[in-house]
Structure formats: structure tokens, C-alpha cells
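Grab a pencil and open the structure viewer. Below are a few exercises, each followed by a solution that goes step by step.

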Amino acid sequence: MRITRALRFGIGALALAVVATGCGSGSDKTATQHAAEGSLTIGIKFDQPGLGLRDRNGNYSGFDVDVARYVAGKLGVPPEKITFKEAPSAQRETLIQNGQVDYIVASYSINDQRKKKVDFAGPYFVAGQSLLVRADNNDITGPDSLRGGKKLCSVKGSTPAQNIQKNFAGDVQLQEYDTYSLCVEALKSGAVDAVTTDNIILAGYAAQSPGQLKVVGQPFTTENYGIGLQKGDTESRNMINDAIEAMIQDGSWKAALEQNFGNTDFTIPAPPQVDRY
């Protein structure tokens with residue numbers, strides 16, 4: 001009996017040890033600490049043409065990808081030592097808080113609610129909410145024209161659709177999908193009437209489907225894109241801010257936008273002022 005109890009105690013202790021070890025799969029180290037060790041894990045979108053896109057061969061492209069690589073370079077990490085991890089909108093705070101990524105560059109708008117959970121460097125770009133519709137749709141020209149129960153798609157964990165419902169078209173029917181690419185497919189098939197998010201994101205999708213889709217109306221919000229990182233990591237935030245300013249000043253920022261959006265109708269705006277709060 002004593003042996004049985006001892007075995008039970010030992011097994012129980014071992015089980016607790018395994019659970020304790022498995023609870024935190026992420027790292028407690030900061031972005032700058034990981035960079036000093038020679039590598040970084042960076043969150044991006046995998047399905048946003050022009051911003052963050054992973055192709056069939058596992059290659060990554062887009063403005064956010066270029067920003068992520070430039071910042072990593074300023075932290076001393078070359079491209080081949082970067083691991084890109086998909087960062088869907090609804091999972092971004094969790095990925096940062098769990099230490100699964102060092103920072104996120106994924107059309108990540110800075111707002112007060114998110115700043116309660118994570119810190120932001122930047123902004124590195126200022127976008128504005130707009131609408132994507134089918135090319136033959138002349139009825140929808142802005143958020144007010146979504147009245148009458150039209151179907152509007154956006155992604156889970158993002159706020160653009162709710163903004164339209166609250167401020168422009170109270171009877172709009174909201175459809176939320178996991179990714180914008182699913183929204184775009186729903187738009188093409190006629191399942192929804194419009195997709196809403198930031199103009200630079202929509203411009204990428206329109207360019208990917210020439211003659212099928214178009215961006216309509218003028219931007220009706222201001223979205224400051226920031227680089228998300230661990231709450232309280234002031235050292236990494238300051239260094240990333242330095243990198244963003246350097247990218248703007250040396251011309252790499254504009255060159256990256258021209259490379260990714262030069263063949264679209266998207267107008268490249270003036271660079272933003274980095275917030276040193």
C-alpha cells in the first residue's frame with residue numbers, strides 16, 4: 001500500500017511538472033534580447049496582397065513584410081534568420097502576450113483598447129477605411145449607400161464593419177469571416193455586397209483581381225498602423241521607432257510602397273510622424 005501511494009504521488013508530481021512545463025510555450029525574452037541572440041519571430045498577414053502575402057512556394061512579400069525585414073535588419077538580424085508567423089486579426093494580442101512572436105507588422109491599427117494589452121511602435125503608415133465592391137456595382141459609393149440591408153463583410157477581431165453600422169448604416173447586415181481573403185471570395189460570388197477595411201488593404205485585393213473589383217469612395221477614418229510588441233518593453237519599442245524613422249529618412253519606406261503598389265491606383269501618402277509617447 002505504501003508503495004502504491006508513493007507511486008501515485010510520484011506520478012502525480014510528474015504530471016504536474018509536465019503541465020507546468022507545457023503551459024507557457026512562448027518566450028519571456030524581449031524582441032531586442034532575441035535579436036541579440038541572432039533571430040526573430042515576426043507576425044504578419046499571409047493573405048493580404050501588397051502588404052503581407054505568402055505564396056505557394058513559401059515566399060513572403062508586401063509592404064508590411066518589407067517593414068518587418070528592415071526593422072529586423074536595424075536590430076541586427078538578417079532576413080534568413082527571420083521566422084514569419086501568421087497573425088490573424090483576432091489573434092494578434094494573444095500571439096504577443098504569449099511570447100509566440102517578437103513583434104507584429106500586420107496592418108495593426110493603434111487604438112486605446114489594444115494599448116491596454118500590448119505596446120506599439122510607430123505609426124509606420126496611416127491608412128483610412130474604405131469599401132471594396134464588384135466592378136459592375138454602381139450603387140455603392142460610400143458607407144451611407146450601404147443602407148437598406150446590404151450585406152457587408154469584414155474580419156473577426158477587427159472593427160470596420162461595426163463602425164459603419166454604428167455611424168453610417170444602422171440596418172447593414174454584417175458578415176464576419178476569419179480572413180479578408182474569404183471576404184473577397186464572398187464578394188466575388190455575390191454572397192456579400194461589399195467588403196470594408198483600410199484602403200491600402202483593399203487596393204491590394206483590387207489589383208489582384210483586375211476588372212473584377214474596385215475601391216469606391218473616399219477614406220472615412222484614420223488608421224495608424226503600428227508595430228505591436230510586448231507591453232512595457234520600452235527598450236524594443238524605442239529601437240523599433242528608431243528603425244521606422246530611419247526607413248522613412250533613407251527612402252526605403254517610399255521605395256517599398258512603390259514596389260508593392262506602383263501598379264495600382266493607390267496614391268502613396270506622406271510618411272507619418274512616429275509617436276514617442
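Let's start with a definition: axes are lines fitted to C-alpha atoms, for helices over the stretch in contact, and angles run from 0 to 180 degrees between N-to-C directions. Helices (H or I, at least four residues) and strands (E, at least two) are DSSP runs, numbered from the N terminus. This is a predicted model, where local features need pLDDT of at least 70 and side-chain atom pairs count only at pLDDT 80 or more, while totals for chains, interfaces and linings use all residues. Residues are numbered from 1 along each chain as its sequence is written, and side-chain values use heavy atoms, with hydrogens and water left out.

**Exercise 1: two helices**

Task: Describe how helix α3 and helix α9 pack, and find which residues meet.

Step 1. Two packed helices are described by the angle between their axes and the distance between the axes. For α3 (residues 63-74) and α9 (residues 234-249), the angle is about 115° and the axes are 9 Å apart.

Step 2. Now look for contacts, meaning heavy atoms within 4.5 Å. On the α3 side you'll find D66, V67, Y70, V71 and K74, and they meet I240, A243, A246 and M247 of α9.

Step 3. Sort those contact residues by type: seven are nonpolar, none is polar and two are charged. Here Ala, Val, Leu, Ile, Met, Phe, Trp, Tyr, Cys and Pro count as nonpolar, Asp, Glu, Lys and Arg as charged, and the others, Gly among them, as polar.

**Exercise 2: the buried face of a helix**

Task: Which residues of helix α10 are buried, and how are they arranged around its axis?

Step 1. Buried means under 20% relative accessible area, exposed means over 50%, and partly exposed is in between (1.4 Å probe, protein chains only). In α10 (residues 252-261), the buried residues are W253, A256, L257, N260 and F261.

Step 2. Look down the axis of α10: its buried residues fall within an arc of 100°, so they line one face of the helix. The arc is that of the directions from the helix axis to the C-beta atoms.

Step 3. What do these buried residues pack against? Their partners are α3, β7, α8 and α9.

**Exercise 3: an enclosed strand**

Task: Work out why strand β7 counts as largely enclosed, then find its pairing with β13.

Step 1. Nine of the ten residues of β7 (residues 118-127) are buried, so β7 is largely enclosed by the rest of the structure.

Step 2. Strands of a sheet pair through backbone hydrogen bonds, either parallel or antiparallel. Two strands pair if DSSP finds at least two bridges between them. With β13 (residues 223-230), β7 has seven bridges in the antiparallel sense, and V118 sits opposite Q230 of β13.

Step 3. Check the backbone of β7 as well: P123 lies in this strand, and the peptide bond joining G122 and P123 is cis, with omega about 10°.

**Exercise 4: a mixed sheet**

Task: Lay out the five-strand open sheet and say what packs on it.

Step 1. The strand order is β10-β9-β11-β8-β12, and the pairing is mixed. At the edges stand β10 and β12 (213-216), each with a single partner strand, so one side of each has no neighbour in the sheet. From one strand to the next, the twist averages 35°.

Step 2. Pick one pair: β9 and β11 are parallel, with two bridges. C153 has V195 in β11 as its bridge partner.

Step 3. Add the helices. α7 packs on the sheet, touching β8, β9, β10, β11 and β12, and its direction makes about 150° with that of β11. α8 packs there too, touching β8, β11 and β12, at about 130° to the direction of β11.

**Exercise 5: follow one residue**

Task: Is I201 buried or exposed, and what does it touch?

Step 1. I201 is in helix α8 (residues 199-208). With a relative accessible area of 2%, I201 is buried.

Step 2. Leaving out residues up to four places away in sequence, I201 touches Q48, L51, S107, Y180 and Y225. G50 is 151 residues from I201 in sequence, yet their C-alpha atoms are 7.4 Å apart.

Step 3. Take one of those partners, S107, from the loop between β6 (103-104) and α5 (112-115). S107 is buried at 6% relative accessibility, and its phi is positive, about 40°, although S107 is not a glycine.
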